[in-house]
Amino acid sequence: CHLIHYLRLSHHLIVLNYLICTFDKLKSVSSEDINITDAVFDGVEVRVFEPPAKADEELKRSVVYIHGGGWALASARTSLYNNLCRIMAESLNAVVVSVEYRLVPEVCFPEQFHDALRATKYFLQPDVLARYSVDPSRIAISGDSAGGNLAAAVCQQLSKDEHLTIRPKLQALIYPVLQAFDFNTPSYQQNMNMPVLPRYVMINYWIDYFNGNYDLAHSLLINNHTALDVGQALSFRGRLNWTSLLPSSFKKNYKPVIQTTGKAEIIQQIPALLDVRAVPLLAENETLQLQPKTYILTCENDVLRDDGVMYAKRLENAGVEVTLDHFDDCFHGCMIFTIWPTDFSAGIQTRNSYIKWLDENL
């Protein structure tokens, strides 16, 4: 893929996603248990999973799900996410709406955010919920990894929309990526070379999402963009102080990496690095206070572990009821690996815990 990119034949992410979807894409195959249909919500493609109606049941609960993949890979239609959403719909007897937002490099930030927001707001309209027999008071928004980022950002935006009459009851974030402020949190240092999502890969995903230049990767890696002399970052520093937000068991003996002098031009080139629509962990307390009851799943062997843990602590400090579900022996992305040939026990374990929480709280 990178060779094709180097030869300027195509973007490597287009090639990689083409390979993933070619070998893995499914048609919308319904069964007697779940009806699967593809639809368009305010210009955004979605896949809807509907359990059959029961005679004694009036309205169903619902989950809006946003898939991961670094804002650049995967699809609501691939077997991994199709399988996850089908099992969610069956286990919860819920209508699951899986959002097929546009990907990098076709579009970059903020278009993925806008797609997820538009699809969610469309679904939250009373007449649309009635069409799918959904209870307006029992809706969750959820996502994994980059999808967790979009779910958190959309939930924050919805909470501030004064014209919205229906809002999610819950948010459930699976190993979400929530900040690009500090790439030297303890989990970034501990897991910098961990397979599936090494630190340099996550930094490149951010650069692609922001349509930035790969030449900035090293400066980002050593936190030059948030050095003490970068004025734009000063007001956000207190919102992401991992020395106070993380438990000692996570901090271990790691030390903060704070540059005295850095490169303010990085923020000038990529202002989205400090845009809360892209980095929800940097939201102000007034916004966090408006968030619904929250579930956050984190994995020990994941550079993003501390993103989720810090968000849980900030929400808790803001008065939000939070469940932090941490798995010591699991890795980033594990929850979708539940079907052959990648049917891992870590996937089954995390998926069951996630669905159990939704079942008990939605």
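## Tyr 175 and its loop

Tyr 175 sits in the loop between β6 (170–174) and α7 (186–190). The model is predicted. In it, Tyr 175 has a positive phi of about 25 degrees, although this residue is not a glycine. Most residues other than glycine have a negative phi. Tyr 175 is also buried, because its relative accessibility is 1% and the cut-off for burial is under 20%.

## Asn 223

Asn 223 is another non-glycine residue with a positive phi, near 65 degrees. Its place is the loop between α9 (217–221) and α10 (231–237). Is Asn 223 buried or exposed? Asn 223 has a relative accessible area of 2%, so it counts as buried.

## Overall build

The protein holds 16 helices and eight strands. Its radius of gyration is 20 Å, and the globule rule gives 21 Å for 362 residues. The two values are close, so the protein is as compact as a globular protein of that length. Along the principal axes, the C-alpha atoms fill a box of roughly 65 × 50 × 40 Å.

Buried residues account for 58% of the 362 residues. Consider the contacts between residues at least 6 apart in sequence: 75% of them join residues at least 24 apart.

## Surface and charge

The exposed area of the protein is about 15000 Å². Carbon and sulfur atoms supply 52% of that area.

The protein carries 31 positive and 40 negative charges. How far apart are the mean positions of the positive and negative charges? They are 2 Å apart.

## Helix α3

Helix α3 covers residues 79–92. At 1.5 Å a residue, its 14 residues should span 20 Å. The end C-alpha atoms are 19 Å apart, which agrees.

The helix is mostly covered, with eleven of its 14 residues buried. Among them are Leu 80, Tyr 81, Leu 84, Cys 85, Ile 87, Met 88 and Leu 92. Polar names appear in the buried set too, including Ser 79, Asn 82 and Asn 83. An α-helix has 3.6 residues a turn, so residues three or four places apart point the same way. Asn 93 follows α3 and has a positive phi, near 50 degrees.

## Two cis prolines before α4

Which peptide bonds are cis in the stretch leading to α4? One runs from Val 104 to Pro 105, with omega near 5 degrees. Another runs from Phe 109 to Pro 110, with omega near 10 degrees. Most peptide bonds are trans.

Pro 105 lies in the loop between β4 (94–100) and α4 (111–123). Pro 110 is found in the loop between β4 and α4 as well.

## Helix α4

The 13 residues of α4 should span 18 Å at 1.5 Å a residue. The end C-alpha atoms are 18 Å apart, which agrees.

The buried residues of α4 include Phe 113, Ala 116, Leu 117, Ala 119 and Phe 123. Gln 112, Asp 115 and Thr 120 are also buried.

## Glu 50 in strand β2

Glu 50 belongs to strand β2, residues 44–50. Neighbours within four places in sequence are set aside here. Glu 50 is then in contact with Asp 33, Ile 34, Asn 35, Thr 37, Val 95 and Tyr 132. Val 95 falls within β4, which spans 94–100.

Arg 305 is 255 residues from Glu 50 in sequence. In space, the two C-alpha atoms are 33 Å apart.

## Leu 273

Leu 273 lies in the loop between α13 (264–269) and α14 (285–288). Its relative accessible area is 2%, so Leu 273 is buried.

What does Leu 273 touch, leaving aside neighbours within four places in sequence? Its contacts are Ala 180, Phe 210, Leu 220, His 225, Ile 266, Ile 267, Val 279 and Leu 282. Ile 266 and Ile 267 fall within α13 (264–269). Leu 220 falls within α9 (217–221). Leu 273 and Asp 328 are 55 residues apart in sequence, and their C-alpha atoms are 30 Å apart.

## Tyr 200 in helix α8

Tyr 200 is in helix α8, residues 199–209. Tyr 200 counts as exposed, because its relative accessibility is 52% and the cut-off is over 50%.

His 218 is 18 residues from Tyr 200 along the chain. The C-alpha atoms of Tyr 200 and His 218 are separated by 8.8 Å.

Key. Residues numbered from 1 in each chain as written. Predicted model: local features only at pLDDT ≥ 70, side-chain atom pairs only at ≥ 80, totals over all residues. Heavy atoms only, no water. Helix = DSSP H or I, 4+ residues; strand = E, 2+ residues; numbered from the N terminus. Rg over C-alpha atoms; globule rule 2.2 N^0.38 Å. Buried < 20%, exposed > 50% of the residue type's maximum accessible area, 1.4 Å probe, protein only. Contact = heavy atoms within 4.5 Å. Areas by Shrake-Rupley, 256 points an atom, 1.4 Å probe, with all protein chains shown as cover. Lys, Arg positive; Asp, Glu negative; His and termini not counted. Charge placed at Lys NZ, Arg CZ, Asp CG, Glu CD. Expected span 1.5 Å × (residues − 1).
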